[in-house]
Amino acid sequence: MNPILVSVLSMGLLALAFAAILAVVNRKLAVQEDPRVEAVLEALPGANCGACGSASCRDMAERIVKGDAEPGACPVGGTESARRIAEILGLGEVEVVEKVAVVHCGATSEQKVKVAEYRGVKTCSAANLLGGEYACRYGCLGYGDCVRACGFGAIYMADGRPKVDVERCTGCGKCVQACPRGIITLEPYDRKRGETIFVACNNPDRAPAVRRVCEVGCIGCRMCARTSDNGAFYMDGNLAKVDYGKVYESGNWDEVVEKCPRKIIRMERAA
Amino acid sequence: MELLLIFVAAVLTNNFVLHYFLGICPFLGVSSRMETAVGMGLAVIFVMTLTATVTWLIYHHILVRFGLPFLEYVTFILVIASLVQIVEMFLRRFSPELYRALGIYLPLITTNCSILGLALFMVLREYDFIEGLVFGIGAGIGFTLVLTIMAGIREELAFADLPRAFRGAPITLITAGILALAFMGFSGLIRV
């Protein structure tokens, strides 16, 4: 027999046999899937960062389609993704406030008073168990757990403290969870002006105690609260806070920034 | 006795991953977590066992009978691809979590050289049907064993304070190398 003919025939028949088996199995093991899940998944960022609390973007898509989560539940996708998802599901307009991470500690390693030498595992969570190297019990430990937690490369260490690249930050909140001292929070970001305003201190102690541990800690002088024209800054005990509902409407916040004697009302600008 | 030797050889002394360096891609790709490593291992055991039996039958009853052993590569790949497809559908239906966790590595079992290697070794060493079956199970178990050992080590390594240059792939490759050295210790056990 002609070997070419035999090869073609036998291979063809084998392929056919396997194709038949696959077809049967495919029919038997078919998975019913809502096509909208796939569409919603397309509209999500696909970073699988876990910031929404779901294990993956697919998981999130399934929850959104089922109605267990809002279209804007993805903190990374922001308004644009929420709009597309709402369109897919036939829902109305949605508005999402964009947030970025801000670090409530602005002291460089020279500005903080060092009281110990730490030689343990070089992570903030480990160092925090012993209190870290610095006298301030509220400030940044400086080992960069937040930098490692960030899936978008939006946090970097500069002079011993983390800085946020507001253009890259998606507001996913991973760093917020990573920081054992809770000095990172998510705050509204003014996309028009491309900046966030925040108080770079987290120390609620009174002025003498703050002065002992840090050169740039908030001393509770109330200058910002008095200067602001619309009450966008207020005091929470001895610590200045920003009222984000008002601050971007404020007319004179640059004056507030200027007048702060410790220079800790700061802005993070898009480059 | 002969069967036991084939089995032990496939698991330990001539382990597919650490002795022949076959199937390195999933070995490095899915060994970062124990859960996925075990899932992948089970999938590979399944595919290897089925491949061994099906390719043996096809090789001896079709290819040899019609004088077509030169078609072995094409045929084996065809068999493997179909089997992996079935495994994939099966997992997708019954364990969507594992299906997602394995991701691209599941369809990549198709191009996993250890599976093709298994089929070719079987022909080369002229195993009979039962021997081939045992060889397939052994090779699969060997793969799973190494994968889980590696996953266990890598789970511990994730918390180690490594120099920056060694983090990620470099330390994984070094670990794999040391593991291969350790498995060299078995080599005097059996001669294949």
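This report walks through a predicted model, from chain A as a whole to its contact with chain B and a few single residues.

## Chain A at a glance

Let's start with the big picture. Chain A is built with 10 helices and eight strands. It has 271 residues, and buried ones make up 44% of them. On the outside, chain A exposes about 14300 Å², with carbon and sulfur atoms supplying 52% of that area.

How do the parts of the chain meet each other? Take the contacts in chain A between residues at least 6 apart in sequence: 58% of these join residues at least 24 apart.

## Where the two chains meet

Now look at the place where chain A touches chain B. The contact takes 20 residues from chain A and 21 residues from chain B. People often describe the size of an interface by the accessible area that is lost when the parts come together. Here, about 1800 Å² is buried between chain A and chain B, and carbon and sulfur atoms give 78% of it. Between the two chains there are zero salt bridges, and one residue pair is in polar contact, with both residues at pLDDT 80 or more.

Which elements of chain A give two or more residues to this side? They are helix H1 (3–28) and helix H3 (57–66). H1(A) gives the most, with 13 residues. Sorted by class, the side of chain A that touches chain B has 12 nonpolar, three polar and five charged residues.

## Ser7, a residue in H1

For a single residue to zoom in on, try Ser7(A), which sits in helix H1 of chain A. Is Ser7(A) buried or exposed? With a relative accessible area of 11%, Ser7(A) is buried, because the cut-off for buried is under 20%. Leaving out residues up to four places away in sequence, Ser7(A) touches Gly12(A) in its own chain, plus Leu68(B), Phe70(B) and Leu71(B) across in chain B.

## Leu44, tucked into a loop

Next, find Leu44(A) in the loop between helix H2 (35–43) and H3 of chain A. Being in a loop doesn't leave Leu44(A) out in the open: this residue is buried, with a relative accessible area of 5%. Not counting residues up to four places away in sequence, Leu44(A) touches Cys57(A), Met60(A), Ala61(A), Cys74(A), Ser81(A) and Ile85(A).

You can also compare sequence and space here. Leu44(A) and Arg84(A) are 40 residues apart in sequence, while their C-alpha atoms are 8.9 Å apart in space.

## Salt bridges inside the chains

Over all chains, the count comes to nine salt bridges. One of them joins the side chains of Glu38(A) and Arg58(A), at 3.0 Å from N to O. Glu38(A) is in helix H2 and Arg58(A) is in helix H3, so this pair ties together parts of chain A that are 20 residues apart in sequence. The two partners sit in unlike surroundings: Glu38(A) is partly exposed, at 39% relative accessible area, whereas Arg58(A) is buried, at 16%. Add Glu62(A) and you get a network of salt bridges linking Glu38(A), Arg58(A) and Glu62(A).

Another salt bridge connects the side chains of Asp145(A) and Arg148(A), with an N to O distance of 2.9 Å. These two are three residues apart in helix H6 (residues 145–149) of chain A, so about one helical turn separates them. Asp145(A) is buried, with a relative accessible area of 11%, while Arg148(A) counts as partly exposed at 49%. Over in chain B, the side chains of Arg33(B) and Glu35(B) meet in a salt bridge too, at 4.0 Å from N to O. Arg33(B) is partly exposed, at 44%, and Glu35(B) counts as exposed, at 61%.

## Two residues with positive phi

Here's one last thing to hunt for. Most residues other than glycine have a negative phi. Asp159(A) has a positive one, near 50°. You'll find Asp159(A) in the loop between strand E2 (155–158) and strand E3 (161–164) of chain A, and at 51% relative accessibility it counts as exposed.

Lys263(A) also has a positive phi, near 55°. Its place is in the loop between helix H10 (253–259) and strand E8 (265–269) of chain A. At 43% relative accessibility, Lys263(A) counts as partly exposed.

Definitions and conventions. Residues are numbered from 1 along each chain as its sequence is written. Chains are lettered from A and ligands numbered from 1 in the order in which they are written. This is a predicted model: local features need pLDDT of at least 70, side-chain atom pairs count only at pLDDT 80 or more; totals for chains, interfaces and linings use all residues. Side-chain values use heavy atoms; hydrogens and water are left out. Contact means heavy atoms within 4.5 Å. Buried area is the accessible area (1.4 Å probe) that two parts lose on being put together, summed over both. A polar contact is a pair of N or O atoms within 3.5 Å; within protein, one must be able to donate a hydrogen and the other to accept it, and residues adjacent in sequence count only if both atoms are side-chain atoms. Helices (H or I, at least four residues) and strands (E, at least two) are DSSP runs, numbered from the N terminus. Ala, Val, Leu, Ile, Met, Phe, Trp, Tyr, Cys and Pro count as nonpolar, Asp, Glu, Lys and Arg as charged, and the others, Gly among them, as polar. Buried means under 20% relative accessible area, exposed over 50%, partly exposed in between (1.4 Å probe, protein chains only). Accessible areas come from the Shrake-Rupley method with a 1.4 Å probe; for residues, only the protein chains shown count as cover.
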